[in-house]
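Welcome! A visitor has some questions about a protein structure, and a guide will answer them one by one.

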Amino acid sequence: MRYSPKLCMVLLLLSADLCHAQNLTPRAYLITPLHSNAVTLTSSYSDGSTLFDPNLPITDAKATYSAPAISYYHSLGFFGRSANIAVILPFVDGTFQGKVLGNFASTHRSGAGDLNLRFSVNLIGGPAMSMKEFRSWHQKTLVGASLLVTAPTGQYDPTQLINLGTNRWGFKPEIAVSRRWGNWILDAYGGVWLFTMNPEFFSHNNHYSGVNTLSQNPIGATEMHFSYDFKPGVWVSFDANYWYGGRLRLNGVEKPGSLLSDSRMGVTGSIRVTRHNSLKLSYSDGIYIRLGGNYRTASVAWQYSWLGRPN
């Protein structure tokens, strides 16, 4: 079956949602003592439909995939302010299917996604503190900033249409405010995704023997979380986000019908099991999806944390 370049360009959204999906991450800017460490193993499952420009001959597009990930977190001081670094390596195993020009097509992918690196620093309200200092500190208003980088390390074959990696760099600078009132915390984040060009998109194959380049306009992204502490280490959060932008350009030509304007809502709960171990459960669903993946996602995460060396 032959695909037009326009059709190929829009189908990229099937995989783009996996690589930098608009996550819901409550309490991402809370302060931890110096030399805090955490290793987190996450398992998530998503299924749902993928929405395209109605002028395209694509119907019944669906995806079902699991996305386990491993991450490492470490807190440090940065010019006297609380800061942290995190490294996240995702894996994806999924099936994507739909009808193109009335013909059913399905494909399966399994492998590593793009590596994520994040640096976050507190700007107001959270100095770098030892554990002793942290015990007597009480949060009021925090203002933080971060930079998330996605590196093109994921599985990618330029001859294939659906890939787990994006074959490009992504950068997301973000600023956030977190305010506590007793047991309640309100988090609000605002950032923008910036992308380099994919120099080999769906190229050197039976459909197109040359080289296609694919670029994407910035995507503005906001998040809001309202959470409640039942007791130390036990909390629940109500989450929502919205993102807009991301028009695609194939070989330098901007394509209509590729503008993202989507939103998700979810809930997250965390339970401290022991001094060093905790569990986090979350569920989210699309509430307004103009284009892209309208997925239901459930995840469970186990975290082991320690201060300095494991004990």
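What follows is a conversation about strands, salt bridges and the surface.

Visitor: What kind of model is this, and how are its residues numbered?
Guide: This is a predicted model, in which local features need pLDDT of at least 70 and side-chain atom pairs count only at pLDDT 80 or more, while totals for chains, interfaces and linings use all residues. Side-chain values use heavy atoms, with hydrogens and water left out, and residues are numbered along each chain as its sequence is written, from 1.

Visitor: Let's start with strands. Which residue is the bridge partner of V87 in β6?
Guide: Strands here are DSSP runs of E with at least two residues, and helices are runs of H or I with at least four, numbered from the N terminus. Two strands pair if DSSP finds at least two bridges between them. Strand β4 (residues 81-100) and strand β6 (residues 115-124) are antiparallel and share 6 bridges. Within β6, the partner of V87 is L117.

Visitor: How many bridges join β6 to strand β7?
Guide: Strand β7 covers residues 141-151 and runs antiparallel to β6. One pair to look for is S120 with its bridge partner in β7, S146. The number of bridges joining β6 to β7 is 9.

Visitor: Which residue of β15 stands opposite D239?
Guide: Strand β12 (residues 234-245) is joined to β11 by 12 antiparallel bridges. β12 also pairs in the antiparallel sense with strand β15 (residues 260-272), over 11 bridges. In β15, the residue opposite D239 is G266.

Visitor: Which residue takes a positive phi in the hairpin of β11 and β12?
Guide: In β12, V236 is the bridge partner of Y228. The hairpin of β11 and β12 has 2 residues between the strands. The residue with a positive phi, near 85°, is G233.

Visitor: Which strands stand at the edges of the open sheet of 3 strands?
Guide: The order in this sheet is β10-β13-β14, with antiparallel pairing. β10 (214-216) and β14 (253-254) each have a single partner strand, so one side of each has no neighbour in the sheet. The edge strands are therefore β10 and β14.

Visitor: Which residue is the bridge partner of Q216 in β13?
Guide: β10 is joined to strand β13 (residues 248-250) by 3 bridges, and the two run antiparallel. The partner of Q216 in β13 is L248.

Visitor: Now for charges. What is the nearest side chain of opposite charge to R168?
Guide: R168 sits in the loop between β7 and β8 (170-181). R168 is buried (buried is under 20% relative accessible area, exposed over 50%, partly exposed in between, with a 1.4 Å probe and protein chains only). R168 has no salt bridge (a side-chain nitrogen of Lys or Arg within 4 Å of a carboxyl oxygen of Asp or Glu). With Lys and Arg counted as positive, Asp and Glu as negative, and His and the chain ends not counted, the nearest opposite charge is 6.6 Å away, on D114.

Visitor: With which side chain does R168 make a polar contact?
Guide: A polar contact is a pair of N or O atoms within 3.5 Å; within protein, one must be able to donate a hydrogen and the other to accept it, and residues adjacent in sequence count only if both atoms are side-chain atoms. The contact of R168 is at 2.9 Å, and the partner side chain belongs to Q216.

Visitor: How far apart in sequence are the parts that R296 and D47 tie together?
Guide: The structure holds 5 salt bridges, and one of them joins R296 to D47, with the closest N and O atoms 2.9 Å apart. R296 lies in strand β17 and D47 in strand β1 (residues 36-51), so the parts tied together are separated in sequence by 249 residues.

Visitor: Is K172 buried or exposed?
Guide: K172 and E174 meet through their side chains in a salt bridge of 3.3 Å, N to O. E174 has 11% relative accessibility and counts as buried. K172 is at 10%, so K172 counts as buried.

Visitor: Which residues are linked with R27 in a network of salt bridges?
Guide: The side chains of R180 and D229 meet in a salt bridge of 2.9 Å, N to O. This pair links distant parts of the chain, with R180 in strand β8 and D229 in strand β11 (residues 219-231). The network links R27 with R180 and D229.

Visitor: Last one: what is the relative accessibility of W302?
Guide: W302, in strand β17, belongs to a nonpolar surface patch of about 760 Å², whose residues include F91 and L281. Patches are made of residues with over 30% relative accessible area and no salt bridge, joining like charges within 9 Å and nonpolar side chains (Val, Leu, Ile, Met, Phe, Trp, Tyr) within 5 Å; accessible areas come from the Shrake-Rupley method with a 1.4 Å probe, and for residues only the protein chains shown count as cover. W302 counts as partly exposed because its relative accessibility is 35%.
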